[in-house]
Amino acid sequence: MAQNVLAIYPGTFDPITLGHEDIVRRASQLFDRVIVAVAAGHHKKTMFNLEERMAMVREACKPWPQVSVESFDGLMRDFVVARGGKAMVRGLRAVTDFDYEFQLAGMNRHLMADVETVFLTPGDKYQFISSTFVREIATLGGEVDKFVSDNVQQKLNEKLALLKKP
């Protein structure tokens, strides 16, 4: 068995959900070290800026000392290779995720032949949660406390209050 295996769990985490946290927990049980890689999000318009997302992810990952949080910009391949990662963790919620993730894993295999993609599924109660749904529900005044941690809920409330100010 390989020793000191580093896995990278990339994403935008806008915001981090309980489903993401469940994937981090599962990955931390499988790998010696995990880096949650928060994307700068140049291809997506995010509700939270990079620093805000990093802070929420760091807070969420406190229970797992072998998990660190870093930001990245550019190709994931460059980030993984620079850190000596041996696995990329990807979360799958449903069959609809699989097609995209399968294609992405194939492309990553061409870019990083010695890095494996590991698919993890969140627990049943988290399988339907997505950051997009959380943002939409919160923006429309719905309750998202069952989908995000208390810290993230507070940050969402603060952000939405700022966005509503004239």
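Colleague: Where is Asp-73, and why is Asp-73 called exposed or buried?

Modeller: Asp-73 sits in the loop between β3 and α3. Helices (H or I, at least four residues) and strands (E, at least two) are DSSP runs, numbered from the N terminus. The relative accessible area of Asp-73 is 59%. Buried means under 20%, exposed over 50%, partly exposed in between (1.4 Å probe, protein chains only). Asp-73 is over the 50% mark, so exposed is the right word.

Colleague: What stands behind these values?

Modeller: This is a predicted model, where local features need pLDDT of at least 70 and side-chain atom pairs need 80 or more, while totals for chains, interfaces and linings use all residues. Residues are numbered from 1 along each chain as its sequence is written, and side-chain values use heavy atoms, with hydrogens and water left out.

Colleague: How far apart are Asp-73 and Asn-157, in sequence and in space?

Modeller: They are 84 residues apart in sequence. C-alpha to C-alpha, Asp-73 and Asn-157 are 27 Å apart.

Colleague: Now Gly-106. What makes Gly-106 partly exposed?

Modeller: Gly-106 belongs to helix α4. Its relative accessibility is 25%, between the two cut-offs, so Gly-106 counts as partly exposed. From Gly-106 to Thr-117, 11 residues along the chain, the C-alpha separation is 8.9 Å.

Colleague: And Val-89: buried or exposed?

Modeller: Buried, because its relative accessibility is 0%. Val-89 is in strand β4.

Colleague: What does Val-89 touch?

Modeller: Leave out residues up to four places away in sequence. Then Val-89 is in contact (heavy atoms within 4.5 Å) with Ala-7, Ile-8, Tyr-9, Pro-10, Ile-23, Ala-27, Phe-31, Val-118 and Leu-120. Leu-120 is 31 residues from Val-89 in sequence, and their C-alpha atoms are 7.0 Å apart.

Colleague: What makes a group of residues a nonpolar core?

Modeller: The members are buried Ala, Val, Leu, Ile, Met, Phe, Trp, Tyr and Cys residues, joined through side-chain atoms within 4.5 Å. The largest such core here has 36 residues. Those with the most contacts inside it are Tyr-9, Phe-31, Val-36, Val-57, Cys-61, Val-89 and Leu-156. β1, α1, β2, α2, β3, β4, α5 and α6 each give two or more residues to this core. A second, separate core holds 12 residues, including Ile-35, Phe-79, Met-88 and Met-112.

Colleague: Which residues does Cys-61 contact?

Modeller: Val-24, Val-36, Val-67 and Val-69, leaving aside neighbours within four places in sequence.

Colleague: How many aromatic pairs are there?

Modeller: A search of the whole structure finds three. Tyr-9 and Phe-13 form one of them, with 5.3 Å between centres and 80° between planes.

Colleague: Why is the Tyr-9 and Phe-13 pair called edge-to-face?

Modeller: Rings of Phe, Tyr and Trp (its six-membered ring) pair if their centres lie within 6.5 Å; planes under 30 degrees apart count as stacked, over 60 as edge-to-face, and the rest as tilted. This pair meets the distance limit, and its 80° is over 60, so edge-to-face applies. Both partners are buried: Tyr-9 at 5%, Phe-13 at 3%.

Colleague: What about Phe-128 and Phe-147?

Modeller: Their centres are 5.8 Å apart and their planes stand at 90°, so that pair is edge-to-face too. It links distant parts of the chain, 19 residues apart. Phe-128 is in the loop between β5 and α5, and Phe-147 in the loop between α5 and α6. Phe-128, at 49%, is partly exposed. Phe-147, at 16%, is buried.

Colleague: What is notable about the backbone of Phe-13?

Modeller: Phi is near 50°, a positive value in a residue other than glycine. Phe-13 lies in the loop between β1 and α1. Pro-15 is also found between β1 and α1. A cis peptide bond joins Asp-14 and Pro-15, with omega about 0°.
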